[in-house]
Amino acid sequence: MAGFTYEKNLPHQEKAIESVLSLFDCVHLKQGSRDENPEIVFSGSLKADNLRQIQQFNSVDDVPLSGSNVLDIAMETGTGKTYTYTKTMFELNRTLGVFKFIVVVPTLSIKAGTKNFLESTALAEHFRKDFAGRYAEKEIKLYVVESQKAKAKKAFMPAGIVRFVETDDKQKIHILLINAGMINSDTMAGKDKGNDGSRLIKDKYAVPFEALAAVKPFVIVDEPHKFPKDKKTWENLLKFNAQFILRYGATFNNQFENLLYRLTAIDAFNDDLVKGIRAFTEQIDGDNGERIKLLDLDGKEATFVLNKQEFNKQRR
C-alpha cells in the first residue's frame with residue numbers, strides 16, 4: 001500500500017467512531033497488571049443511559065438494547081469499516097488506555113488483507129503525520145495467529161499469542177489477528193499433542209484462550225454475519241472473555257445487538273461514499289442540474305427519484 005493516501009476525518013467514519021467512544025463517557029478505570037488493559041467500570045445505570053442517548057442521536061433507537069457486552073456498528077460495504085475500527089482502536093487507546101485488541105476475521109483471505117492493511121507503511125504514515133500530536137506517536141504492533149506446522153507442535157502455544165499476552169509496552173497499540181478456523185482449532189483449546197501443561201505462559205496458563213482472556217481484551221469482529229450465535233465459532237470467541245465485542249459489518253442477519261450506528265446502503269449511495277467506483281459523467285446540452293436519489297432497496301428492486309418525483313423502479 002505504499003504511496004496510498006488516506007482521507008482523514010470523513011463524517012460517516014467519525015460518527016461511527018464517536019458513537020463507540022460516547023459509550024465510555026464518565027466511566028471509571030480500574031488498573032490491573034502492566035500487561036493487562038484497564039478494566040472499564042460503569043456505575044449505576046450509566047451504561048444503559050449512554051447507550052440510549054447514542055441510539056437516539058443516531059436515530060437507531062428502533063433496535064432494542066440488551067445487557068450484553070456486544071456493540072454493533074453497521075456500515076455498508078466499501079465505506080471504510082477496517083479503517084474505522086482501526087482509528088477507533090487509536091481513540092480507545094488515547095481516551096481509556098486500552099492497548100490490547102483482538103481482531104477476528106472469518107477467512108484466511110480476509111486475514112491476509114487485514115494484515116497487509118494494518119502493517120502498511122501508508123497507514124503508519126497516515127496516523128503519524130495526519131494526526132501528529134493526537135496519538136502521541138503511537139503505532140501498531142501486529143501479532144498474527146497462524147496454524148501450527150507439524151514440526152512445531154511441541155511449541156503448542158503460538159509465538160504470536162505468547163508475545164501479545166506478555167508484552168507490557170504501552171507505547172504501542174497491540175493487535176492480535178486471528179481467523180475463525182484458528183479460533184476453532186485444537187491449538188487454541190490447548191489440545192495439541194504434547195501439551196502436558198508443563199509449559200505455561202506467564203507461569204500460569206496452558207490454554208491460549210485463558211491466557212488471552214487474562215489481558216482483558218477488546219475484541220473486534222469483522223463481517224459478523226459469518227459468526228452466528230448458535231454456532232461453534234461464536235461460542236469459542238466468547239472464551240476470550242472480552243470486556244467488549246465490537247462487531248463491524250454491512251450484514252447482521254437481522255440480529256442487531258446494542259446497535260450504536262447504522263450507515264445503510266441508501267445513505268452510502270446518496271452520499272457517494274462507496275469506495276472503488278469511478279464515475280464518468282458526460283456533459284449533456286440543456287442539462288438543468290437534475291440528479292437522481294436512491295430512496296429504497298430490498299435486494300430485488302431499487303426505487304429512485306428525479307427531482308423528488310418517483311420516476312422509475314428498476315430490477316437489479
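Start with the secondary structure: colour the protein chain by it and you should find 11 helices and 12 strands, where helices (H or I, at least four residues) and strands (E, at least two) are DSSP runs numbered from the N terminus. Keep in mind that this is a predicted model, in which local features need pLDDT of at least 70 and side-chain atom pairs count only at pLDDT 80 or more, while totals for chains, interfaces and linings use all residues. Residues are numbered from 1 along each chain as its sequence is written, and side-chain values use heavy atoms, with hydrogens and water left out.

Stay with the whole chain for a moment. Of its 316 residues, 47% are buried; that means under 20% relative accessible area, with exposed being over 50% and partly exposed in between (1.4 Å probe, protein chains only). Turn on the surface and you're looking at about 16,900 Å² of accessible area, 48% of it from carbon and sulfur atoms (Shrake-Rupley method, 1.4 Å probe; for residues, only the protein chains shown count as cover). Contacts here are heavy atoms within 4.5 Å. Among contacts with a separation of 6 or more, 74% join residues 24 or more positions apart.

Next, select helix H1 (residues 11-23) together with H3. Their axes are 9 Å apart and the packing angle is about 40 degrees; axes are lines fitted to C-alpha atoms, for helices over the stretch in contact, and angles run from 0 to 180 degrees between N-to-C directions. H1 and H3 are therefore oblique to each other (under 35 degrees is roughly parallel, over 145 roughly antiparallel, 65 to 115 roughly perpendicular, and the rest oblique). Show side chains: H1 brings Gln13, Glu14, Ala16, Ile17, Val20 and Leu21, and H3 brings Tyr83, Thr84, Lys87, Thr88, Glu91, Leu92 and Thr95. By class, that contact holds six nonpolar, four polar and three charged residues (Ala, Val, Leu, Ile, Met, Phe, Trp, Tyr, Cys and Pro are nonpolar, Asp, Glu, Lys and Arg charged, and the others, Gly among them, polar).

Keep H3 (residues 81-96) and add helix H5 (residues 121-130), which packs against H3 at about 45 degrees with the axes 13 Å apart. That makes H3 oblique to H5. On the H3 side pick Tyr83, Thr86, Lys87 and Phe90; they meet Leu123, His126 and Phe127 in H5. Here the classes are four nonpolar, two polar and one charged.

Now jump to Asp222 in strand E7. Is Asp222 buried or exposed? At 6% relative accessibility, Asp222 counts as buried. Draw a C-alpha to C-alpha distance to Lys81: the two are 141 residues apart in sequence but 8.5 Å apart in space. Leaving out residues up to four places away in sequence, Asp222 touches Lys81, Thr82, Tyr85, Val104, Val105, Pro106, Ile110, Phe227 and Tyr248.

Step along to Glu223, in the loop between strand E7 (218-222) and helix H10 (232-237). Glu223 has a positive phi, near 60 degrees, and counts as partly exposed at 23% relative accessibility. Most residues other than glycine have a negative phi. Asn258 also has a positive phi, near 50 degrees. Find Asn258 in the loop between strand E8 (244-249) and strand E9 (259-263), where Asn258 is buried with a relative accessible area of 0%.

Last stop: Ser147, in the loop between strand E5 (139-144) and helix H6 (159-166). Ser147 is exposed, with a relative accessible area of 56%. Select Pro158 too: the C-alpha atoms of Ser147 and Pro158 are 8.2 Å apart, with their positions 11 residues apart along the chain.
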